[in-house]
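This report looks at how two chains meet and at a few local features that deserve a closer look. The structure is shown first, and the discussion follows.

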Amino acid sequence: MATVSSQTRWQIAVIYAVLLSLMCLMVVPLLWTILTSFKYNVDVTLGWIPPRWTFDNYTGVVEAFAFARYYVNSLFIASTVTAVQVSTSALAAYAFARLQFRGRDVIFLGYLATMMIPADVLMIPQFVLMKKIPDWLNVFSSTDFFSGFLFFGDQYIGHPVGLDSYFALIAPGCFSAYGTFMLRQFLLGVSREIEESAYIDGCSTWGVFWHVVLPLAKPALGALAIFTFLGNWRSFVWPLIMTDSDSMMVLPVGLAKLSDLYNNDYGLICAGSVLMLIPMIIVFVLCQRWFISGIQLGAVKG
Amino acid sequence: MKRQGRAAIFFLLPNLLGFAIFTLGPVLVAAGMSLYRYQLATGTPSFVGLDNFADLLWFDSVDGDWQARDPYFWQYLANTLFLMLNIPLSMTCALLLAVLLNREMRGRIVFRTLFFIPHLCSGIAIYMVWTMLLTYEPNVGIINAFLWKLYHVFGITGPDAVALLPGWLTDARWAKPALIIVFVWASAGGFSMILYLAGLQNIPPELYEAADIDGANGWMKLRYITIPQLAPTTFFILVTSVIGGLQGGFEAAYIMTGGGPGGSTTTISYYIYTQAYQQLEVGYAATISMVLFALIFTATLINWRYGGKRLEAA
């Protein structure tokens with residue numbers, strides 16, 4: 001027995017050593033970024049620790065860029081897409097998993113088939129659509145409403161539709177075959193007994209969905225919500241090609257612009273990156289369990 | 001039955017409508033557009049049949065030599081495949097991390113969080129940071145600073161050491177390896193690791209107990225129990241990574257290299273971006289995207305054909 005425990009202790013030491021060195025590889029870039037964000041630009045070449053600490057990069061980023069606006073845009077778009085996508089996916093998933101109707105399997109197969117279509121294929125026609133929509137709509141309206149600008153107080157909130165509009169940034173993300181598929185698979189694995197007794201008690205289809213199925217599907221809904229939010233928070237190409245004006249940009253696009261305009265100002269770029277990263281780490285630490293179970297759920301069922 | 005049909009319409013309609021407008025419609029339009037020459041800013045679409053496909057894929061015989069009509073496409077396809085070399089490396093790292101983390105130990109959550117961080121930030125932030133880390137000048141780029149120190153340890157100094165420093169993002173030979181390093185860093189600790197952790201939980205402990213009785217060492221247990229038992233997980237990760245890899249590389253190229261030097265880091269998706277949204281040649285871009293679709297479709301078919309068997313065997 002003594003040999004076993006000493007061997008285990010030795011093994012644990014090795015495991016910790018390997019993990020710690022791998023962790024260093026992960027952490028070094030982050031540490032460098034955080035330290036550099038507190039440096040004056042002339043000090044960037046002078047070792048790791050800032051010789052003079054400064055907060056200028058952070059104030060600089062916030063002043064030179066509509067950083068607060070990027071944040072609000074990213075949060076608003078990601079949460080709207082998440083809310084709508086989870087709702088429409090849950091409704092459709094319930095129909096596919098529980099209701100009997102003609103053509104169900106054919107439609108569902110259609111959904112499945114579209115899951116392997118690359119985003120690049122869909123984006124080109126969507127881009128053309130968003131570019132052309134204002135022209136088409138103005139054919140029907142004498143006022144130039146659809147190519148006009150909107151304001152909320154003194155904040156510019158873009159066009160109603162087409163390029164540079166919240167509509168373009170939100171609408172295409174709201175419907176997901178993957179979300180529908182994942183929730184359907186989850187519902188298929190849930191026992192029907194409670195639903196059936198609810199029907200016997202005189203519950204309507206909607207009542208069963210709202211009061212029985214949704215609460216049961218909470219883990220899957222949470223997982224889908226996290227994925228959708230994270231995916232949207234990180235998405236780059238679509239918002240990049242959809243936005244022209246500064247006030248409509250999301251965080252990644254604004255950040256890319258920052259690196260484009262100030263590609264030699266390392267401190268500024270690092271400060272921008274840190275500002276983008278911190279909230280996500282907080283969110284992750286807070287809902288880590290949901291993340292992990294969500295990924296596993298997505299994979300096992302997918 | 002009839003009542004359920006009516007209810008089904010209510011439940012399906014919102015999703016079906018969005019699906020028709022933003023998925024089904026665009027796919028059909030993209031397929032149609034690939035048959036047109038269409039410059040969005042100046043022209044109206046003109047039907048050219050399969051000419052776009054021929055221009056993209058065909059080879060002409062010039063003085064007995066076969067020359068591609070669009071040599072860029074083949075170069076960029078090769079780039080895309082080369083950059084997918086990060087997949088086996090990332091998967092190996094993910095497996096290693098999962099095996100190491102799959103036990104009750106102090107700091108497990110801290111480790112897991114730190115390894116997951118790259119998945120939380122936007123790729124843009126990651127690539128911006130790595131652009132700075134991979135800077136050639138060793139007084140700024142910490143990778144080359146490290147190599148510089150290493151050369152000194154081995155007694156290489158002066159001009160020799162300068163000549164040996166890789167120009168990570170400025171030298172066509174080093175740009176792809178540089179991106180692969182970044183991809184591995186960004187993906188090793190993420191979804192694959194968590195999937196492997198889940199897979200490890202499902203391996204029956206009796207297998208390891210039996211191996212202990214037979215006197216197997218750690219390596220043998222990994223080789224003959226863990227890896228075969230994880231085969232379904234490995235296959236799942238591989239397929240999703242290949243499908244992702246074929247459409248990948250845009251953000252890294254956009255931020256880090258601009259597709260260069262000399263087109264050495266331009267992938268298919270970056271090519272589509274430049275054609276569709278910079279040149280506004282949406283017809284040709286749609287053609288490239290349909291070819292990409294075909295590649296992914298093939299990968300998925302191979303998955304269906306062989307994946308099922310693998311899953312049953314494991």
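A salt bridge is taken here as a side-chain nitrogen of Lys or Arg within 4 Å of a carboxyl oxygen of Asp or Glu. By that criterion the side chains of B:Asp55 and B:Arg69 meet in a salt bridge, with an N to O distance of 3.5 Å. The model is a predicted one, and the values below are to be read with that in mind.

**A salt-bridge network in chain B**

B:Asp55 lies in helix α2 of chain B, whereas B:Arg69 belongs to the loop between β4 and α3 (71-83) of chain B, so this salt bridge ties together parts that are 14 residues apart in sequence. B:Asp55 also meets B:Arg37 in a salt bridge, at 3.1 Å from N to O, and this second pair links helix α2 (residues 51-57) with strand β1 (residues 36-37) of chain B, its two residues being 18 residues apart. B:Arg69, in turn, forms a salt bridge with B:Asp60, where the closest N and O atoms are 2.9 Å apart. Through these shared partners, B:Arg37, B:Asp55, B:Asp60 and B:Arg69 are joined into one network. As background, side chains of opposite charge can pair when their charged atoms come close.

The accessibility of the four members is set out below.

| Residue | Relative accessible area | Class |
|---|---|---|
| B:Arg37 | 38% | partly exposed |
| B:Asp55 | 27% | partly exposed |
| B:Asp60 | 29% | partly exposed |
| B:Arg69 | 39% | partly exposed |

Over all chains, the structure holds 8 salt bridges, yet the count between chain A and chain B is 0.

**The interface between the chains**

What, then, makes up the contact between chain A and chain B, and how many residues of chain A and of chain B take part? On the side of chain A there are 86 residues in contact, and on the side of chain B there are 83. The area buried between the two chains is about 7,600 Å², and carbon and sulfur atoms give 80% of it. In chain A, the residues that lose the most area to chain B are A:Met26, A:Met116 and A:Ile124, which together account for 10% of what that side buries. Polar contacts between the chains, counted where both residues have pLDDT 80 or more, come to 5 residue pairs. Among the elements of chain A, helix α1 (residues 2-36) gives the most to the side that touches chain B, with 15 residues. By class, that side of chain A has 65 nonpolar, 16 polar and 5 charged residues.

A:Phe127, found in helix α5 (residues 119-140) of chain A, has neighbours in both chains. Leaving aside residues up to four places away in sequence, A:Phe127 touches A:Leu163, A:Trp238, A:Ile241 and A:Met242 as well as B:Leu40, B:Ala276, B:Tyr277 and B:Leu280. A:Phe127 is buried, with a relative accessible area of 4%. By contrast with these contacts, the C-alpha atoms of A:Phe127 and A:Met182, which are 55 residues apart along the chain, are separated by 28 Å.

**Two residues with positive phi**

Most residues other than glycine have a negative phi. In chain B, B:Leu280, one of the residues that A:Phe127 touches, has a phi near 60 degrees, a positive value in a residue other than glycine. B:Leu280 lies in the loop between α15 (268-278) and α16 (282-313) of chain B, and at 15% relative accessibility B:Leu280 counts as buried. Phi of B:Asp63 is also positive, near 50 degrees, and B:Asp63 is likewise in a loop of chain B, between β3 (59-62) and β4 (65-68). B:Asp63, however, is exposed, with a relative accessible area of 79%.

**The two sides of helix α4 of chain A**

Which residues of helix α4 (residues 104-114) of chain A are buried? They are A:Arg104, A:Phe108, A:Tyr111 and A:Thr114. These residues lie on the same side of α4(A) because they cover an arc of only 120 degrees around the axis. The face turned away from that buried side carries the exposed residues A:Asp105, A:Val106 and A:Leu109.

How values were computed
Residues are numbered from 1 along each chain as its sequence is written. Chains are lettered from A and ligands numbered from 1 in the order in which they are written. This is a predicted model: local features need pLDDT of at least 70, side-chain atom pairs count only at pLDDT 80 or more; totals for chains, interfaces and linings use all residues. Side-chain values use heavy atoms; hydrogens and water are left out. Contact means heavy atoms within 4.5 Å. Buried area is the accessible area (1.4 Å probe) that two parts lose on being put together, summed over both. A polar contact is a pair of N or O atoms within 3.5 Å; within protein, one must be able to donate a hydrogen and the other to accept it, and residues adjacent in sequence count only if both atoms are side-chain atoms. Helices (H or I, at least four residues) and strands (E, at least two) are DSSP runs, numbered from the N terminus. Ala, Val, Leu, Ile, Met, Phe, Trp, Tyr, Cys and Pro count as nonpolar, Asp, Glu, Lys and Arg as charged, and the others, Gly among them, as polar. Buried means under 20% relative accessible area, exposed over 50%, partly exposed in between (1.4 Å probe, protein chains only). The arc is that of the directions from the helix axis to the C-beta atoms.
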